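Work through the exercises below with the sequence and model at hand. Try each task before reading its solution.

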Amino acid sequence: MTVAKKVSVIGAGAIGAMFGGLIKHHQPETEVVLIARGDHGREMQQRGIVSLRGSWGQRDVPITASSDPAAVAGSDLILFTVKTQDTVATATQFADWIGDAIVVSLQNGINQHLLAPIVREENLLVGMTATNMSIDQPGVVTCNRSGVSVIGPASKRVTGATLDLANRTLAASQLPIEISDRILGAQYNKLLLNTMGYASVLSATDFLREGILDRDWRNQVALPILDEGLRVLAAANRSIERVGGMSDVFRFRRMLRTFNLPGFQVLVRNVLRGPLRLPSLKYSVYQDLMRNRPTEIDYVNGEVVRLANECHIDAPLNAEVVRLVHELESVDDVTFFSRREITERFRTVAGC
Ligand SMILES: NC(=O)c1ccc[n+]([C@@H]2O[C@H](COP(=O)([O-])OP(=O)(O)OC[C@H]3O[C@@H](n4cnc5c(N)ncnc54)[C@H](OP(=O)(O)O)[C@@H]3O)[C@@H](O)[C@H]2O)c1
């Protein structure tokens, strides 16, 4: 078997429906089941189609969609893509049908300890994805950025054959997949990038096209949050695994610092907004706030705060992001802060 014969996606929202849909499109002989709910799930179920938009235009992929946990029975591979706050409840709901399937969690935050009590140790893989997907309307998913996804074993009991099958199956999507045996470090790499991205959501700022190109926001918000996260991870003895391209947190930090060099700001603005045409990222925290849903903030910036508490040190900037996102979550009609308000607030919190 070169790729899994039956693939189920538990939580086929933006990420899951895109991966599952692309696997089905490029590998039609694979049985793919998308588990989803709400308007999005109903739309896919009624039409029997998931619409995938990206650099390829639009593809309408015939698909099996369901909300019934029994539909995942007999899967060789399960892609687990619910939001982190839904991990335990959903895994528990599906536990009886997971069976011997390889489970690959492609979620933000650190989920292995949440899934470990439910998924067999030798079958659990976790990962991080630098792709960016959004549900633009029920049943229609857009790939805003097709960055690399890295997966790896959650424990030493995962065999090379299991890893190989997972790699081949996800690679059938034709999205870039890498394997890492130091996956926790790769997850922390992504988590730190997200701590800045999620801060940009506070002012509904487009992280790449506006945030990092704004000198004040870059120097008062992005770089200090990243430096704080790096300091906390070092104190907590969490190593960071380097990944390819600009998704590498150290390369990203160097790039932000380079933007401060005289003359670079204008050059960078012209190049990044012009020929390079940076993607417009729609962070899941933004998508959740717009849908009046709880966000994953406690598992991203909140993870930095948790580690800081463990080490008896402070992480005031990440704590402020968590606090402000919860403030936005608590109102029905979300009004974002202005970028200037956020910059001023962070200057105050940092005490400078
Ligand atoms: N979107 C991105 O670009 C991106 C990029 C990198 C990483 N990630 C990470 O990938 C993970 C998935 O993100 P996402 O943006 O794809 O989230 P999403 O669009 O909210 O997809 C998750 C889906 O799972 C559904 N779901 C949750 N519990 C369920 C259950 N018990 N039964 C059936 N369906 C259930 C949700 O339905 P409801 O909406 O009704 O809850 C939702 O449709 C997150 O950890 C996110 O941080 C996302």
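**Exercise 1. Place isoleucine 15 and list its contacts from farther along the sequence.**

Step 1. Isoleucine 15 sits in helix 1, residues 14-26. Helices are DSSP runs of H or I with at least four residues, strands are E runs of at least two, and both are numbered from the N terminus. The model is predicted: local features need pLDDT of at least 70, side-chain atom pairs count only at pLDDT 80 or more, and totals for chains, interfaces and linings use all residues. Residues are numbered from 1 along each chain as its sequence is written, and side-chain values use heavy atoms, with hydrogens and water left out.

Step 2. Isoleucine 15 is buried, because its relative accessible area is 18%. Buried means under 20%, exposed over 50%, and partly exposed in between (1.4 Å probe, protein chains only).

Step 3. Set aside neighbours within four places in sequence. Isoleucine 15 then contacts Thr81, Leu106, Thr129, Thr131 and Met133. Contact means heavy atoms within 4.5 Å.

Step 4. Take isoleucine 15 with threonine 142. They are 127 residues apart in sequence, yet 9.4 Å apart in space, C-alpha to C-alpha.

**Exercise 2. Is serine 51 buried or exposed, and what does it contact?**

Step 1. Find serine 51 in strand 3, residues 49-54.

Step 2. Serine 51 counts as buried because its relative accessibility is 1%.

Step 3. Leave out neighbours within four places in sequence. Serine 51 contacts Gln58, Arg59 and Asp60, as well as Gly139, Val140 and Val141.

**Exercise 3. Describe the largest nonpolar core.**

Step 1. Apply the definition: buried Ala, Val, Leu, Ile, Met, Phe, Trp, Tyr and Cys residues, joined through side-chain atoms within 4.5 Å.

Step 2. The largest such core has 54 residues. Met196, Leu202, Ile212, Phe252 and Phe346 have the most contacts inside it.

Step 3. Several helices each supply at least two residues of this core, including helix 6 (183-201), helix 8 (215-235) and helix 14 (339-350). Helix 8 gives the largest share, 9 residues.

Step 4. Look around methionine 196. Beyond its neighbours within four places in sequence, methionine 196 contacts Phe207, Trp217, Ala222, Ile225, Leu226, Phe252 and Leu256.

Step 5. Another core, of 38 residues, lies apart from the largest one. Among its residues are Met44, Ile102, Val141 and Cys143.

**Exercise 4. How many disulfides does the structure hold?**

Step 1. Look for a pair of cysteine sulfur atoms within 2.5 Å.

Step 2. The structure holds 0 disulfides.

Step 3. Classify two cysteines. Cysteine 143 is buried because its relative accessible area is 12%. Cysteine 311 is partly exposed because its relative accessibility is 24%.

**Exercise 5. Which asparagines have a positive phi although they are not glycines?**

Step 1. Asparagine 237 has a phi of about 60°. Its place is in the loop between helix 8 and helix 9. Asparagine 237 is exposed, because its relative accessibility is 73%.

Step 2. Asparagine 292 has a phi of about 55°. Asparagine 292 belongs to the loop between helix 11 and helix 12. With 47% relative accessibility, asparagine 292 counts as partly exposed.
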